[in-house]
Amino acid sequence: MKKIAIPSRNEQVDSHFGHCEYYTIYTMNDENQVTDKELFNAPAGCGCKSNIAPILAGKGVSVMLAGNMGTGALNVLQSENISVIRGCSGSTDEVIKSYLTGKLTDNGVSCSHHHHGDEGHQCNH
């Protein structure tokens, strides 16, 4: 059994991991077929500073299919033994299908230049 999480908003991959509304968590059987789909509300705040990585790891998540994320979030997820593939977009159901057929690869791009202050959290790509 394998669990894969996707940062989501309106059934789409959220373009920024730390700002998603919820995580869509797919459970796969040994034949790589989806057997369950769960929606898990995201904690408030920046993804790299939230406690989401150990929570997802505790739920059995081993892979994160994400849009964009900063290196802080990437490091926190990897420290919990969650593999990350960045650069995903579109419907979460379509993204999971692409992953299961081997069509997704990490784009290697991390979001940078985070600024915290009165104007809020921004990401400049």
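Helices are DSSP runs of H or I spanning at least four residues, numbered from the N terminus. In this predicted model, Gly102 adopts a positive phi of about 75° just after helix 3. At the opposite end, where helix 3 starts, a side-chain oxygen of Ser91 comes to within 3.2 Å of the backbone nitrogen of Asp93.

Helix 3 comprises residues 92-100, of which Thr92, Val95, Ile96 and Tyr99 are buried. These residues lie on the same side of helix 3, because the arc that they cover around the axis is only 100°. The packing partners of the buried residues are strand 1 (2-9), strand 2 (12-13), strand 3 (22-28), strand 4 (34-41), strand 5 (61-65) and strand 6 (83-85).

The protein chain as a whole contains three helices and eight strands, arranged from the N terminus in the order β-β-β-β-α-β-α-β-α-β-β. Of its 125 residues, 38% are buried. Contacts joining residues at least 24 apart account for 46% of those between residues at least 6 apart in sequence. The exposed surface amounts to about 6500 Å², with 45% supplied by carbon and sulfur atoms.

The largest nonpolar core has 17 residues, and the members touching the most others are Phe17, Tyr23, Leu56, Met64, Met69 and Leu77. Two or more residues are contributed to this core by each of strand 3, helix 1 (52-58), strand 5 and helix 2 (71-79). Beyond residues up to four places away in sequence, Leu56 touches Ala5, Tyr23, Ile25, Phe40, Val61, Met64 and Ile82. Another core, of twelve residues, lies apart from the largest one and includes Val13, Met28, Val63 and Leu65.

Key. Residues are numbered from 1 along each chain as its sequence is written. This is a predicted model: local features need pLDDT of at least 70, side-chain atom pairs count only at pLDDT 80 or more; totals for chains, interfaces and linings use all residues. Side-chain values use heavy atoms; hydrogens and water are left out. Buried means under 20% relative accessible area, exposed over 50%, partly exposed in between (1.4 Å probe, protein chains only). The arc is that of the directions from the helix axis to the C-beta atoms. Contact means heavy atoms within 4.5 Å. A polar contact is a pair of N or O atoms within 3.5 Å; within protein, one must be able to donate a hydrogen and the other to accept it, and residues adjacent in sequence count only if both atoms are side-chain atoms. A nonpolar core is a set of buried Ala, Val, Leu, Ile, Met, Phe, Trp, Tyr and Cys residues joined through side-chain atoms within 4.5 Å. Accessible areas come from the Shrake-Rupley method with a 1.4 Å probe; for residues, only the protein chains shown count as cover.
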